[in-house]
Amino acid sequence: MPFTAKIDFGYPWWLSYLHLPLMAAAAAFLLLGYVRKWPKWTMFLFGVFFLWSSTAFLIARFMLDINGRASLPTENFLRSGIGRVLDIGAGTGRSSIMVLEARPGATLVALDLFGESFDQHFGHGDSPQQRLLANLKAAGVDRRASIETADMRKLPFEPATFDAIISAYAIDHLNRDGIHQSLAEAARVVKPGGDFLLMVVAKEPWTQFSFGPVMHMGMRGPAWWNDRLREAGFQILEQGTRPGTLYLLARRNAAAGPG
Ligand SMILES: C[S@@+](CC[C@H](N)C(=O)[O-])C[C@H]1O[C@@H](n2cnc3c(N)ncnc32)[C@H](O)[C@@H]1O
């Protein structure tokens with residue numbers, strides 16, 4: 001993979017480095033307090049703050065690693081290793097590259113609206129599609145990928161077009177109706193028996209420790225997502241958490257129509 005260094009997913013810097021200035025400030029106050037002989041309880045408080053910010057930095061930078069490559073949360077997704085995959089809400093390509101690297105025999109359609117929500121996450125630029133393409137090229141997977149500009153609530157594909165679908169940190173940005181529509185659309189365009197890997201931002205201990213109230217975190221728990229997926233016509237095969245993430249692996253019911 002000769003172009004690895006050029007991948008730029010473009011998530012905001014503070015998701016990885018917010019805690020560094022806090023660490024530096026705590027260290028500076030500890031030094032100042034030592035020189036000026038501040039009371040022990042003040043030093044203790046700054047010490048705790050330093051410990052929290054340095055641990056939170058390590059978690060954000062190396063466990064969440066939002067601007068780094070992601071790995072599949074489950075090996076059971078598209079286990080055959082071949083087929084046509086749809087990435088719903090592909091953004092700058094992190095989830096698409098995750099699938100294409102883990103499944104070298106697969107092809108993928110990276111679909112995104114490339115509108116306001118894209119700009120909110122990745123900043124406003126000339127061509128979001130070009131940013132996505134540049135990352136796919138940098139990862140060396142562009143020949144197995146195509147880019148589609150469309151709304152996940154109304155997918156421009158025939159029924160049963162895809163062998164598997166992935167959606168990472170995208171469907172959970174919609175309102176309740178939007179979630180309902182996009183899951184129904186996913187169920188429509190995936191083949192019966194096809195996999196759907198849904199990843200959403202999760203309220204789990206690592207993220208809560210690092211970001212607390214600063215970051216929006218899964219308002220809805222696993223049970224809520226289980227119900228929505230079943231309503232749409234999927235059966236749940238597996239679920240779990242990773243730092244910052246709840247994932248659910250579901251399979252399209254063989255019978256047509258919502259289950
Ligand atoms: C947080 S990003 C996730 C990007 C990528 N999946 C990843 O793992 O990094 C959410 C993406 O969902 C896209 N999105 C939001 N609403 C959408 C919609 N209605 N249709 C298609 N894409 C949408 C946004 O444009 C954005 O790129």
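How many of the eight residues of strand 2 are buried? In this predicted model, six of them are, so strand 2 is largely enclosed by the rest of the structure. Strand 2 pairs with strand 1, residues 82-88, in the parallel sense, and the pairing runs over seven bridges. Within this pairing, aspartate 87 has alanine 110 of strand 2 as its bridge partner.

A second pairing joins strand 4 and strand 5, again in the parallel sense. Here the count is six bridges. Isoleucine 165 stands opposite phenylalanine 196, a residue of strand 5. Strand 5 is itself mostly covered, with nine of its 12 residues buried.

Helix 4 is also mostly covered: seven of its nine residues are buried. The buried positions are Arg94, Ser95, Ser96, Ile97, Met98, Val99 and Leu100. The list thus holds Arg94 and two serines, Ser95 and Ser96, alongside Ile97, Met98, Val99 and Leu100.

These elements come together in the nonpolar interior. The largest nonpolar core has 35 residues, and those with the most contacts inside it are Phe77, Val85, Val99, Ile166, Leu197 and Met199. Two or more residues each come from helix 4 (94-102), strand 2 (105-112), helix 5 (116-122), helix 6 (128-138), strand 4 (162-168), strand 5 (190-201) and strand 7 (245-252). Helix 4 contributes the most, with four residues.

Phenylalanine 77 shows how parts of the chain meet in this region. Leaving aside neighbours within four places in sequence, phenylalanine 77 is in contact with Leu72, Val85, Val99, Arg103, Ala164, Ile165, Ile166, Asp195, Leu197 and Leu249. The partners include the charged residues Arg103 and Asp195. A second core, separate from the largest one, has 32 residues, among them Met152, Ala186, Val190 and Leu198.

Not every nonpolar group lies in a core. Trp41, Phe44, Leu45 and Val48 form a nonpolar patch on the surface, and together they have about 480 Å² of accessible area. Valine 48 belongs to helix 3, which covers residues 40-64. Is valine 48 buried, partly exposed or exposed? Its relative accessibility is 42%, and because buried means under 20% and exposed means over 50%, valine 48 counts as partly exposed.

Conventions. Residues are numbered from 1 along each chain as its sequence is written. This is a predicted model: local features need pLDDT of at least 70, side-chain atom pairs count only at pLDDT 80 or more; totals for chains, interfaces and linings use all residues. Side-chain values use heavy atoms; hydrogens and water are left out. A nonpolar core is a set of buried Ala, Val, Leu, Ile, Met, Phe, Trp, Tyr and Cys residues joined through side-chain atoms within 4.5 Å. Buried means under 20% relative accessible area, exposed over 50%, partly exposed in between (1.4 Å probe, protein chains only). Contact means heavy atoms within 4.5 Å. Patches are made of residues with over 30% relative accessible area and no salt bridge: like charges are joined within 9 Å, nonpolar side chains (Val, Leu, Ile, Met, Phe, Trp, Tyr) within 5 Å. Accessible areas come from the Shrake-Rupley method with a 1.4 Å probe; for residues, only the protein chains shown count as cover. A salt bridge is a side-chain nitrogen of Lys or Arg within 4 Å of a carboxyl oxygen of Asp or Glu. Two strands pair if DSSP finds at least two bridges between them.
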